[in-house]
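This report describes one molecular structure for a reader at the bench. Please keep the sequence and the model in view while reading.

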Amino acid sequence: MDFYQTSLSQLHDDLVNKKISASELTKETFDHIKGNEDQVKAFISLNEDQALKRAAEIDAKGISADQLTAGVPLAVKDNILTKGLTTTAASKMLENFNPVYDATVVEKLNAADYINVGKTNLDEFAMGSSTENSAFFTTHNPWDLTRVPGGSSGGSAAAVAAGDVLGALGTDTGGSIRMPASFNGVVGMKPTYGRVSRWGIIAFGSSFDQVGWLTQNVKDNALLTALISGNDERDMTSSLKEVPDWAAQLNENTNVKGLRIAVPKEYFDGLDEDVQEVIKAALDHLESLGAIVDEVSLPHTKYGVPAYYILASSGASSNLQRYDGIRYGFRADDVKNLEDVYVHSRSEGFGEEVKRRIMLGTFSLSAGFYDAYFNKAAKVRRLIAQDFEDVFKDHDVIVGATGASTAFKIGAEIDDPQTMYMNDVLTVPVNMAGLPAMSIPAGFSAKNGMPVGLQIIGKAFDEQTVYNTGYVFEQTTDFHKKTPQLGGQN
């Protein structure tokens with residue numbers, strides 16, 4: 001099965017009409033993954049035996065017209081709990097953790113009879129921008145195997161870009177869906193905070209984390225996001241708002257005529273020249289389709305990264321306290337007393353980046369520094385949210401680059417945390433404000449041929465306008481049709 005040349009709806013029709021069986025499709029999917037995996041390394045674990053068993057069960061009972069994902073192979077980021085299937089968060093701390101329950105998003109997918117082909121690689125505990133912080137291995141970008149896939153959902157993005165699956169679940173705390181989408185030339189959506197339940201997600205920064213999809217195209221993303229959205233009584237931050245049928249409005253009549261697009265001047269600060277060229281061409285294209293493009297200012301953008309890393313690391317410091325070598329997770333062997341259990345288990349179980357963020361967060365929350373750091377960062381978060389609110393008073397979407405550069409070489413930034421953190425300068429403000437945002441393929445760098453992502457940001461709970469804008473751009477360009485040739489530089 002060539003996932004580049006099909007869509008979720010077409011695949012569903014083929015399954016319903018028995019042009020292909022779920023078992024045949026699942027077997028072909030694993031054959032494709034195995035053909036790529038030595039080069040790409042997108043998956044921490046594969047679920048082949050259980051997936052083939054599940055596919056046979058689905059074939060036996062049949063697939064009805066209203067079961068959109070029945071028999072469809074999809075992938076799950078390995079910080080999302082899957083009952084009976086190891087969930088590691090790419091950490092030695094959870095290397096052998098076997099959950100006894102599913103995350104809410106997985107429950108919903110199970111109810112819809114999807115096929116889980118496996119768990120994708122990520123930066124440890126979702127802390128990173130390159131997937132180089134995985135405790136197990138680095139995932140490679142299918143467009144150029146010497147480059148990173150972005151992070152932290154790099155494994156999910158690479159699996160989609162390599163044509164392994166139509167869609168893969170990711171999580172986005174400060175850009176961890178959108179940056180990998182940009183680097184890999186796929187579609188990545190971070191829904192409004194609260195739109196999708198976080199129950200069963202291994203937490204990084206609880207007030208920022210959100211689950212979303214990386215997909216081959218915009219309409220598939222809208223269909224899959226609707227499937228996992230909705231209120232969950234187990235997640236007190238999940239919204240009671242009704243989930244619209246976003247995909248129903250994505251058709252030949254969808255247009256951007258009269259759409260008011262805001263382009264923040266700050267979103268061009270520090271952009272590589274090749275990225276800037278692609279983004280300006282994309283904006284010109286939207287304007288040619290009837291959109292109204294205005295330059296605006298989001299003045300507190302420059303404070304987003306430092307404020308975010310204080311707040312998110314503070315959340316991480318709190319969330320990771322539970323990994324103590326006692327209840328579950330890695331436990332050090334060479335210990336003499338209880339303090340040794342705590343110290344050695346955490347020292348050996350956590351990687352360098354995780355320990356760095358725990359230290360930053362603990363420091364920011366400590367007596368004497370709370371007001372100077374955490375409290376001040378929280379005030380900056382409010383100012384960033386207010387910037388967005390002011391612009392959205394007379395604009396429908398905000399558009400700009402997803403990242404300041406294309407995917408960088410593996411090893412180029414791993415020893416420079418500050419440079420690595422600044423990769424998220426255009427994505428973290430969205431999480432600070434809890435808004436929906438999507439990265440779509442906008443073109444390719446004239447310098448290195450790598451994909452460039454266009455970020456579309458919407459008003460809270462207005463995923464529809466984000467999807468509409470992305471869909472029109474996608475349907476009137478052909479960037480999404482170009483696919484990587486594994487093994488060579490593009």
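The sections below treat the basis of the model, its sheet, two helices, its aromatic pairs and some individual residues.

## Basis of the model

The model is predicted, and local features are reported only at pLDDT of at least 70, side-chain atom pairs only at pLDDT 80 or more, while totals for chains, interfaces and linings use all residues. Residues are numbered from 1 along each chain as its sequence is written, and side-chain values use heavy atoms, with hydrogens and water left out.

## The sheet

An open sheet of eleven strands runs in the order β1-β3-β2-β4-β6-β5-β10-β11-β9-β7-β8, and its pairing is mixed. Its edge strands, each paired on one side only, are β1 (43-46) and β8 (292-296). From one strand to the next, the twist averages 30 degrees. Strands (E, at least two residues) and helices (H or I, at least four residues) are DSSP runs, numbered from the N terminus. Two strands pair if DSSP finds at least two bridges between them.

Strands β7 (residues 260-264) and β9 (residues 397-401) run parallel and are joined by two bridges. Opposite Ala262 stands Ile398 in β9.

## Helix α8 on the sheet

Helix α8 (residues 273-288) packs on the sheet, where it touches β7, β8, β9, β10 (437-444) and β11 (451-458). Contact means heavy atoms within 4.5 Å. The direction of α8 makes about 50 degrees with that of β11; axes are lines fitted to C-alpha atoms, for helices over the stretch in contact, and angles run from 0 to 180 degrees between N-to-C directions. At 1.5 Å a residue, the 16 residues of α8 should span 22 Å, which agrees with the 23 Å between its end C-alpha atoms. The expected span is 1.5 Å times one less than the number of residues.

Which residues of α8 are buried? They are Asp274, Val275, Val278, Ile279, Ala282, Leu283, His285 and Leu286. Buried means under 20% relative accessible area, exposed over 50%, and partly exposed in between (1.4 Å probe, protein chains only). An α-helix has 3.6 residues a turn, so residues three or four places apart point the same way. The buried residues of α8 pack against β7, β8, β9, β10, β11 and α15 (463-475). Gly290, which follows α8, has a positive phi near 110 degrees.

## Helix α4

In helix α4 (residues 104-111), the buried residues are Thr104, Val105, Val106 and Leu109. These buried residues pack against β4 (167-172), β6 (210-215) and α7 (218-228). Asp113, just after α4, takes a positive phi of about 65 degrees.

## Aromatic pairs and charges over rings

Rings of Phe, Tyr and Trp (its six-membered ring) pair if their centres lie within 6.5 Å; planes under 30 degrees apart count as stacked, over 60 as edge-to-face and the rest as tilted. By this rule the count is 17 aromatic pairs. One of them is the edge-to-face pair of Tyr308 and Tyr309, at 4.9 Å centre to centre with 85 degrees between the planes. Tyr308 is buried at a relative accessible area of 2%, and Tyr309 is buried at 5%.

Tyr323 and Phe350 also form an edge-to-face pair, at 6.3 Å centre to centre with 90 degrees between the planes. Tyr323 lies in the loop between α9 (304-319) and α10 (338-349) and Phe350 in the loop between α10 and α11 (352-365), so their pair ties together parts that are 27 residues apart in sequence. Both Tyr323 and Phe350 are buried. Ring pairs link these two residues with Phe97, Phe125 and Tyr328 into a cluster.

A charge sits over a ring if NZ of Lys or CZ of Arg is within 6 Å of the ring centre and within 35 degrees of the ring normal. The charged end of Lys241 sits over the ring of Phe461, 5.3 Å from its centre, and that of Lys482 over the ring of Phe444, 4.5 Å from its centre.

## Individual loop residues

Leu426 lies in the loop between α13 (417-421) and α14 (428-433) and is buried at 3% relative accessibility. Not counting residues up to four places away in sequence, Leu426 touches Tyr267, Leu271, Ala401, Thr402, Gly403, Ala404 and Gln455.

Ala90, in the loop between β2 (73-77) and α4, is not a glycine but has a positive phi of about 55 degrees. Ala90 is buried, with a relative accessible area of 0%. In the loop between β3 and α5, Ala126 likewise is not a glycine and has a positive phi of about 65 degrees; Ala126 is buried at 4% relative accessibility. Ser152 lies in the loop between β3 (115-120) and α5 (154-161), and a cis peptide bond with omega of about 5 degrees joins Gly151 and Ser152.
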